[in-house]
Amino acid sequence: MDNCLFCKIAQKQIPSSIVYEDEELMVFKDIRPAAPVHLLVIPKTHITTLSDCTAGHAPLLGRMLALAPRLAEEHGCAVSFNDDGEPSGGYKTLINSGPDGGQEIYHLHLHVIGGPHPWRVEPPRHG
């Protein structure tokens with residue numbers, strides 16, 4: 001894609017805060033973070049949306065998702081457990097697909113979002 005923002009970032013034509021890179025993937029900080037930790041995991045190859053993926057993309061998608069816990073650990077928002085087994089920390093993973101799914105950049109990307117609670121919105125509790 002000639003005009004794809006994330007393709008240009010992957011090709012290093014546009015600067016970004018890269019935190020991880022290998023042959024297939026690049027991870028950088030979101031320029032409009034929704035939380036203290038907000039990273040974007042992108043394939044270097046252009047794939048428009050998750051809906052464009054086939055069974056052949058399963059290894060790439062698996063690598064993207066498997067990278068999330070490592071990124072969370074490196075950025076201080078991994079899940080941990082105290083001596084009583086109570087969890088703390090944590091992060092969200094999110095892929096927006098299409099306009100109704102909130103996708104703004106049409107290049108597949110996985111959000112890794114975490115950090116202290118002020119960004120967290122609690123769902124309503126039902127009795």
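**Reading a hairpin, a pocket, a ring pair and cysteines**

User: Through three residues, a hairpin joins β1 to β2. How many bridges hold these two strands together, and which way do they run?

Analyst: This is a predicted model, so read each feature as computed. Strand β1 covers residues 18–21 and strand β2 covers residues 25–29. The two strands run antiparallel, with three bridges between them. For a position to look at, take I18: F28 in β2 stands opposite.

User: F28 is aromatic. How many aromatic pairs does a search of the whole structure find?

Analyst: One. Start with the general idea. Two numbers describe a pair of aromatic rings: the distance of the centres and the angle of the planes. Now the case here. The ring centres of F6 and F28 are 5.4 Å apart, and the planes stand at 75°, so this pair is edge-to-face. The cut-off for that label is over 60 degrees.

User: Why does the pair tie together parts that are apart in sequence?

Analyst: Look at where each ring sits. F6 belongs to helix α1 and F28 to strand β2, so the pair links parts 22 residues apart in sequence.

User: Are F6 and F28 buried or exposed?

Analyst: Both are buried.

User: Next, the cysteines. How many disulfides does a search of the whole structure find?

Analyst: Zero. In general, a disulfide is a covalent bond joining the sulfur atoms of two cysteines. The check is a distance, and the cut-off is within 2.5 Å. For C7, the closest cysteine sulfur is in C4, at 3.7 Å, which is too far for a bond.

User: Is C7 buried or exposed? And is C77 buried or exposed?

Analyst: The cut-off for buried is under 20% relative accessible area. C7 has 5%, so C7 is buried. C77 has 3% relative accessibility, so C77 counts as buried.

User: Now the largest pocket. How much space lies in it, and which residues lie nearest its centre?

Analyst: The space is about 530 Å³. The lining of the largest pocket has 26 residues, and those nearest the centre are D30, R32, L40, E104 and H111.

User: Which elements give two or more residues to that lining?

Analyst: Helix α1 (5–10) and strands β2, β3 (37–43), β6 (91–94) and β7 (110–114) do. Of the elements, α1 gives the most, with three residues.

User: How do the lining residues divide into nonpolar, polar and charged?

Analyst: There are 13 nonpolar, eight polar and five charged residues in the lining of the largest pocket.

Technical notes:
Residues numbered from 1 in each chain as written. Predicted model: local features only at pLDDT ≥ 70, side-chain atom pairs only at ≥ 80, totals over all residues. Heavy atoms only, no water. Pairing = 2+ DSSP bridges. Helix = DSSP H or I, 4+ residues; strand = E, 2+ residues; numbered from the N terminus. 1 Å grid on protein atoms, 1.4 Å probe; cavity = no way out; pocket = protein on both sides within 12 Å on 5 of 7 lines; lining within 4 Å. Points joined across faces, edges and corners; volume = space filled by probe spheres on them. Nonpolar A, V, L, I, M, F, W, Y, C, P; charged D, E, K, R; others polar. Phe/Tyr/Trp six-rings, centres within 6.5 Å; stacked < 30°, edge-to-face > 60°. Buried < 20%, exposed > 50% of the residue type's maximum accessible area, 1.4 Å probe, protein only.
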